[in-house]
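User: I am new to this structure and should like to be led through it by question and answer. Please begin with any term that must be understood beforehand.

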Amino acid sequence: MEKSSPIRRQQFRYLAALAGCLGLVGCNGGFDDAGANGGAPPGTGGTGTMVPSVVGPAQAIGQGVVRRFTHIEYNNTVRALLGTTLTPADSFPGDVGADGFDNASGPQTVVANHLTAFEGGADKLIEAAFLDPAQRARLVSCDLASGNACVRASLEAFLPRAWRRPVQPAEVDRMMGLAATEAAAGGSAEEQLQLALRGALTSPHFMYRVELDPDPASSVPHPLNSYELASRLSYFLWSSMPDDELFSVAAQGNLQDDAVLGQQVSRLLADSKAVAVSEVFAAQWLQLSKLPIHQPKADVFPTITEALKTSMAEETQLFFQDLLQTGGALRSLVGASYTFLNSALSEHYGLAPSSADFTRVSVDGTNRLGGVLGHGSVLMLTSGLTKTSAVKRGAWVLDNLLCTPPPVPSADLMDEILAKQDALEALDQNLTQRQFLATHRVDPKCAGCHNLIDPIGLAFENYDAVGRYRDMEHGVAIDAAGALPDGTPFQNSRELATLLAANPSLGQCVAKRLFTFALGRAPGAEDEAHIAGLVASNEDAIASVLTKLVSSTPFRNRRGGQGAL
Amino acid sequence: MSKVNASSQGGFGLHRFGSRLDRYTRRRFLGGAGAALMLGLPALDVLRARRVGAQAVPPPSRLVCVGAGSGVPMDEFVPKTLAGDPGDPRLGIGLNYELPPLMKSFAPIQDKLNIFTGLGIDEGAHNPGDHGAGVPAMFTCAKPIPTHSNTNDQDYEDPGAAFGLGISLDQVMAQHLATQPGKTRIPSLQLGLREGPSLGDGPFSPVYLKNLSWKSATEPLSPLVDPRALFDQLFSGFDPLATAAENARRLGRSMSVLDYVADEREYLMPALSSVDQQRMDQYFTAAREVELRLATAQAEVGHAACDPGAAPAGGLGYAETMQAMSDLAVLALQCDATRVIMLQLSCYRNDSHYGFLNASDNHHSLSHAGDDSPDSDYRKVSRWMMDQVGYLFNKMDQIVEPDGTLLQNSLGVFNNDCGNGGAHDHLNLPVFVVGGARGNIVTGRHFSYPTNTPCDALYTTVLNALGVPATGFGAKRSAPLALPA
C-alpha cells in the first residue's frame, strides 16, 4: 500500500489491533503494512490560522479529473446566476459518486443522455427567465430593438458570471454565431439572445469548473489562478458559484495571498450559504439521505413518522453547522454537551418539551449523549428495523469516525454464519443484544474481529433502535461496559464518547473526509502528507480544519501530467 | 430529409434542417471533424425520413432487459416437471412444466416464456463485493476492475485505478441497430426506480452498482429514475398539439445549441491536461451524437398507435414509479422511439423499503436474514417484484402490431446478480427469456443446464435471434447456446 505517514501511524493503533484478526481463519482484510516509519508531517503548526503554503521544491500533489456539477451544485448555481426557482438537475442522470460523496469527479462520465438533459435544462431555464420580468432584467439591460449590439452587450455581461471567469472576444464572437442561426431562421433579437444564453448554459465552460495548466504535460504543481481558486472555494463552502464580492476579489488577481484568502474563507463561512457544509458535506458523510428509506417496523415503533425522521436529519445538520460557525472543536462532534431540538424530537427523546422550532438545548444532566452519537439519525441508521445492531454501530464508529473500517468476513465464514442463522434467530426472541452476540466472543473465528467491533457498539445499547434511552432490554439491565481495541476500558457510552473525542484518529478522519469532498477525489499517496498537516489536535476548531485545507497545497495548486481516468 | 418533405410553407425550421444536413455532408466529404467520422456518420440516404404509419415496414425485433439483485427464492423459481412431459430430460428440456409460483403473473403468456436454470456468471463472484461485481456482471458477463482496496469503499482509493467493465447486452443490440437503416431517435433507454447512495461494495465503486447498461468498458449509461424525465425525453421534442413547423423549429434550436457546443472542442481541448481531455472528449462527442439524433428525428408522435397521454405526476412512490416506468417503456416501444430498453430494479443499495408490503427490511438485507418460512418478507418482496415484471411483459403482449403482438416481436431477458441471494450464488442464476423475436426462438420451455453453464452463451443466442450477427459475448465469448426445438 502507500508509504507510511503519521495518519497511517495513528490509524494503525487500531489497525494493528484489527490486523490481529488476520491471523485467524475467518477474517479477510487488506491491511498489509502495519509497520510505522516516516518523518514528522510537514506544515503542521498553528492552531487555526492560515498556514503559509509551503510550495518550495515542487511538493507532490495528487491529480483529479475536471469536475462537473452535481445536482445540488447545478441547482444552486442557476438559482444564484438567474434568480430562478426551477431545479432542472432533479431530472438529470444521477450523480454516481464515490467514497461517500456525490461530487466525486472520477465517475462523472458523459454519454448522450447527459447532453440531452443539460440542453433541456438550459432550455427550460431561459424560457422561464424571459417570462419573469425580474429574471429578464438581470439578463437584458439594454434595448433589444437595437439588435446585435444589445445581444452582444448582454452576452458580455452574462458570460463572465456564467463561466466564472473573464471571456475572450473570440468566445463572444462564436456565441454571436449561434445567435445568428436564430436570426437566419427569422427569430427576433430577443429570440437570438435566448438561443445564445441556452448555448452558454450547455457549454462545458458552464457545466464544468475548467482549470488550466501552463504546461498540460507537466506534473509539476502550479498555483491556480484567482478565478479557479474562487470557484474551488465557493463550491467547497457553498456548493455554489462565487458571489459578486468573490468575483471582484478574483479580478484583483491576488486571491492566492494568504491574508486575502483567509479573509474570503472567513467571509464565506459566515455567510448563510455556508449551510451547504452541513446540508451537503455532513449529510453525505453521515448518510442522512438513507433516513427516508429506513423504516422501523411500525408495529414495534409506531411513533416514527417521516416528519420525525426529517427532524432528526435537521438536528444533525443544525448541530454540525453550529459547531462550524461558532468555532466548535473537532472533539465536540462526539463530546459536545448540547444538541438542537424541536418539540417533536424532545418528546421522542423523553426530554423537557422544547419549542416548536429548533433551538439549541443543553443535554447536561439528561440521559442523552451530546454530539452525533446521541442523535436519533445516527442511532437509527446504525440499527435494524426492529432492534439495535451493535455490530452496525461498532463498525460505523470505526469506519465513519476513525476511518478504520473493520474487515469483512471471508466467503467460507459467511457460509457458516448463514448456516447458523436459523438457530440464532430462534434464540433472538429472548436474548439481549449482548447475549445474542455471545457467539462472537466464544467462537475463535469471530472473536478476533468482533472483540474489537462489538464492545463499541454494545456501549450504545442504552439507546434503542430509534434512538430513545432505555435502562433495560428484555427485562435485563443493560450492561454498556467494554473496552477499545487498544484495551482502554469504558463503563458506558458517555465514557466511550469521551475517549473518542480525545482520539487523534477522529480529527484525522474528519480531515480526510473534508479533503475528499473539497477536491472531488479521495486522497492519493501524494496527498497524505498534506492531510497530516490539517489537524494538530482534536481541540482544533472544525472551521480551522477547513481553513487549513483551503490554504493547503493540494487545494491552491493543481498539476497536469500523464494519467488515465 | 428536409428537401423530401419540404412543404409549401417552406418552413424556416425545415430550412434549418437543410442547412444542418449540408454542414454534415460537407464535413464528411471534406474529411473534417474527427468526431463526425468517429461517430460513423451514416450515408446521406439514411437521413431521409422513415415513414411511419400503416404502410410502414415493421421495425426490427426489440430487446427489453430487466435486471434485479439479491437473488430470488429459488425454490419458487425452478420449475417442476409435470408427469408425462414430452420434453427430453436427457437434454434438460421441459415442455410441460408447472409454472413456478414466483412466475404466476406470467400465466397468460407462459407459452411465450422460456425459463433457464443452471446458467452462471462467475465473473460476479468476489468476496467482499459479491454485489459490487455481480450487479455489473449481470448483463456484461465481464469482471469489473476493482477501484478501491479490498476491505470497503471508505478506504484510500488507488489513484491509478480507473474503473472498467465491458459492453452490455443491450448496447451490443443498440450498436448493431445504429448501423441499420431507419434508426430510432433514441438508440436505447435506461430506466431505474431509485437513485442509490454513493457507496460501493467491497473494492468496487458505486459506478458499478448504479449502472446495468454499459456502452463500452468505460462508459456507463445512467438510468432515468424519474418518470417525468422519461416522458420529457420521449415526447417533449414532439408536441402533438404543435404544428410540424413549430416542432421542427424547436428541434432546430436544440440542434444549433448542440452544434455550437460540439464546435467548442477545437478551442478547449488543446488547453487541457490529458485526463481532462479524455473527459471532455466524451462531452463533445455526446453533444455531436445528440445533435445527429435530432437530425434523424421525425414526427413519430401523433399517429393512432402512439398517444402519449398525460405526463406522469411527480413525487411518485416506489410502486407507482415501477408502474409508470413500465407503462412508458411499452409506450416508447409502441411509438418506435427506441427498440432497446434496460430496466434496473432494486440492486443492493439502490433498494427501497417495502413498507407497503409490511416487510421489515430492504430487499438485500432480507436476502441475508435467513428466514425460510413460507411467507417470509424476502419471499413477499421477491414475489411483488416479479409480479411487476409480469405486468410489463403482459402489457407488451396486449399491443397488437401488423405481424403479431409487441411481445411476440421482441425479446425480454430477465437476470439477477444471484440465484440464492443469501449465499451469493452466481452460478445458478434465475434467468428467463420471454417473447419470440418473431419466431426466431423457441418458447414455452424450461431449459435446465449443468451448474455454471456460461450465461454469455445464452446472450449470444438472444442477439442472433434479434438479428445481431454476434459470435460471442462478454469475457468468455462462448459459442451460442443451442436451444433444441
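Analyst: Helices and strands are taken from DSSP runs, a helix having at least four residues and a strand at least two, and they are numbered from the N terminus. The model discussed here is predicted. With those terms in place, B:Glu264 can be located: it belongs to the loop between helix H8 (244–263) and helix H9 (265–268) of chain B.

User: Is B:Glu264 buried or exposed?

Analyst: Buried means under 20% relative accessible area. The relative accessible area of B:Glu264 is 2%, so this residue is buried.

User: Which residues does B:Glu264 touch, leaving aside those up to four places away in sequence?

Analyst: The loop between H8 and H9 of chain B holds B:Glu264. Leaving aside residues up to four places away in sequence, its contacts are A:Arg174, A:His205 and B:Phe284.

User: How many helices and strands has chain A, and what percentage of its residues count as buried?

Analyst: Chain A is made up of 565 residues. Its elements number 26 helices and 12 strands, and the share of its residues that count as buried is 59%.

User: Is A:Ala270 buried or exposed?

Analyst: A:Ala270 is part of helix H11 (residues 258–270) of chain A. Exposed means over 50% relative accessible area. A:Ala270 has a relative accessible area of 62%, so it is exposed.

User: What separation is found between the C-alpha atoms of A:Ala270 and A:Val397?

Analyst: Along the chain, A:Ala270 and A:Val397 are 127 residues apart. In space, their C-alpha atoms are separated by 30 Å.

User: Which helix gives the largest share of the largest nonpolar core?

Analyst: In general, nonpolar side chains of soluble globular proteins tend to be buried together. The largest nonpolar core here has 92 residues, and among the members that touch the most others are A:Phe236, A:Trp285 and A:Leu373. The largest share of this core is 8 residues, and its source is helix H23 (residues 504–519) of chain A.

User: Which residues does A:Leu373 touch, not counting those up to four places away in sequence?

Analyst: A:Leu373 is one of the core members that touch the most other members. Not counting residues up to four places away in sequence, its contacts are A:Val334, A:Leu379, A:Trp396, A:Val397, A:Leu401, A:Phe460, A:Ala497 and A:Leu500.

User: Why do the buried residues of H22(A) line one face of the helix?

Analyst: The buried residues of helix H22 (residues 493–502) of chain A are A:Ser493, A:Leu496, A:Ala497, A:Leu500 and A:Ala501. What covers them includes helix H17 (390–401), helix H21 (444–458) and H23 of chain A. They line one face because, seen down the axis of H22(A), they fall within an arc of 140 degrees.

User: Which element gives the largest share of the lining of the largest cavity?

Analyst: The largest cavity holds about 240 Å³ of space. Its lining has 19 residues, and those closest to the centre include A:Gly64, A:Arg67 and A:Glu211. Two elements of chain A give two or more residues to this lining, helix H9 (226–237) and strand E12 (557–558). The largest share, 3 residues, comes from H9(A).

User: How many charged residues line the largest cavity, and how many line the second largest?

Analyst: The second largest cavity, with about 160 Å³ of space, has A:Arg68 and A:His114 among the residues nearest its centre. Its lining is made up of 9 nonpolar, 7 polar and 3 charged residues. The lining of the largest cavity has 5 nonpolar and 5 polar residues. The charged residues therefore number 9 in the largest cavity and 3 in the second largest.

Notes:
Residues numbered from 1 in each chain as written. Chains lettered and ligands numbered in written order. Predicted model: local features only at pLDDT ≥ 70, side-chain atom pairs only at ≥ 80, totals over all residues. Heavy atoms only, no water. 1 Å grid on protein atoms, 1.4 Å probe; cavity = no way out; pocket = protein on both sides within 12 Å on 5 of 7 lines; lining within 4 Å. Points joined across faces, edges and corners; volume = space filled by probe spheres on them. Core = buried A, V, L, I, M, F, W, Y, C linked by side-chain atoms within 4.5 Å. Buried < 20%, exposed > 50% of the residue type's maximum accessible area, 1.4 Å probe, protein only. Contact = heavy atoms within 4.5 Å. Arc of directions from axis to C-beta.
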